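These are my notebook entries on a single protein chain. I set down what I looked up, entry by entry.

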Amino acid sequence: MFVKNVLIEKKEIKMKIDILSDLHFDNYFYGKYTKDDVISFYSQIIDFKNCGDVLVIAGDLGHNNHQNIKILKILKEFYKNIVCVLGNHDYYLNGKENKSLFKDSFERVSNMRELINKQENIYCLDGDIIEIDGIKFGGCNSWYNDGFLQVNYPNAYFPRKSNNAMWQNCTPDSKFVFGIENFDDIFEIEKPKIERVYKECDVMITHINPSAKKEYLNLKYHNELSNTFFCFDGEDYLKNGSMKYWIFGHNHDIIEYREHNVKCICNPLGYFNESGNGSWVKLKQIEV
């Protein structure tokens, strides 16, 4: 008897990942708002009937921890999982409530992370990895350093004192982040967290752009020294890491580039005047 061997091609199941950053909840929802208000707003951006398996949020949820968790829980109703990191605005202590609740920015961040990680299938990464259906997500908040200056002006000298002065003049971080003295203090805290996970994950998430190269920033900002507060020099991580995708935020510009075979993606919402109150922003979805 002749038996024919039939090989059935096994279809690879891919995970759909939706990408957003810089949601700035309190820039859109203040005073009295309802669950329906939140769903109506995000339905401009997200097709809730066809959304992905995982929503990745690359930092800057908003200035109020309780509001942040309330809105995350609403979005979670449409996703199997949400994976996020926190951004520079999530460190801010502005307003009487935050200043009365937290002694410094690190206490606020710790509280926000704790609230998120108490929720079912919502994860806030802090130098760790979460595996979902075989895909490993790694990440941390990250921060900026002087990488842009070192990479693009290698023969110039930029002392920390002058960088701090520029930081104080160019960004509100110096006014609202409590518990640091220098522009790159948080980078030194976050660097070991990156190094714990970058060789072990499929998708890397940070709030800050991991490349300090000019070509991976908006053309209109190419010659501004303040770019150093929007990126860090992560060349070695991109070159030697295991990730296929690196998702980031902070820039409020749509940015996509490929470096060392890693696809880097920034898909921000930004402030209401930058997003047309949400109407100009489209969700970015990838398959992994």
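**Entry 1: H24.** I looked up the accessibility of H24 in this predicted model. H24 has a relative accessible area of 2%; the cut-off for buried is under 20%, so I recorded H24 as buried. I then located H24 in the chain: it lies in the loop that runs between β1 (16-20) and α1 (35-42). Next I listed the contacts of H24, leaving aside neighbours within four places in sequence. The residues in contact with H24 are D60, L61, G62, H89, H252, G270 and Y271.

**Entry 2: D60.** I followed the contact list of H24 to one of its members, D60. D60 belongs to the loop between β2 (54-58) and α2 (65-76). With a relative accessible area of 1%, D60 is buried. I also checked the backbone: phi of D60 is positive, at about 60°, although D60 is not a glycine.

**Entry 3: S142.** I noted a positive phi at S142 as well, near 70°, again in a residue other than glycine. S142 sits in the loop between β6 (135-139) and α5 (147-152). I found S142 to be buried, its relative accessible area being 1%.

**Entry 4: the largest pocket.** How much space lies in the largest pocket? I recorded about 400 Å³. I found 23 residues lining this pocket, and those closest to its centre are F230, H250, N251, H252 and E274. H252 had already appeared in my notes as a contact of H24. By class, the lining residues divide into seven nonpolar, ten polar and six charged.

**Entry 5: the whole chain.** I counted the secondary structure and entered ten helices and eleven strands for the protein. The radius of gyration is 20 Å, close to the 19 Å that the globule rule gives for 288 residues, so I noted the protein as being as compact as a globular protein of that length. Along the principal axes, I read spans of about 85 × 50 × 30 Å for the C-alpha trace.

**Entry 6: burial, contacts and surface.** Of the 288 residues, 52% count as buried. I then turned to contacts between residues at least 6 apart in sequence, and 73% of these join residues at least 24 apart. Last, I looked up the surface: the protein exposes about 14300 Å², and carbon and sulfur atoms supply 48% of that area.

Technical notes:
Residues numbered from 1 in each chain as written. Predicted model: local features only at pLDDT ≥ 70, side-chain atom pairs only at ≥ 80, totals over all residues. Heavy atoms only, no water. 1 Å grid on protein atoms, 1.4 Å probe; cavity = no way out; pocket = protein on both sides within 12 Å on 5 of 7 lines; lining within 4 Å. Points joined across faces, edges and corners; volume = space filled by probe spheres on them. Nonpolar A, V, L, I, M, F, W, Y, C, P; charged D, E, K, R; others polar. Helix = DSSP H or I, 4+ residues; strand = E, 2+ residues; numbered from the N terminus. Rg over C-alpha atoms; globule rule 2.2 N^0.38 Å. Buried < 20%, exposed > 50% of the residue type's maximum accessible area, 1.4 Å probe, protein only. Contact = heavy atoms within 4.5 Å. Areas by Shrake-Rupley, 256 points an atom, 1.4 Å probe, with all protein chains shown as cover.
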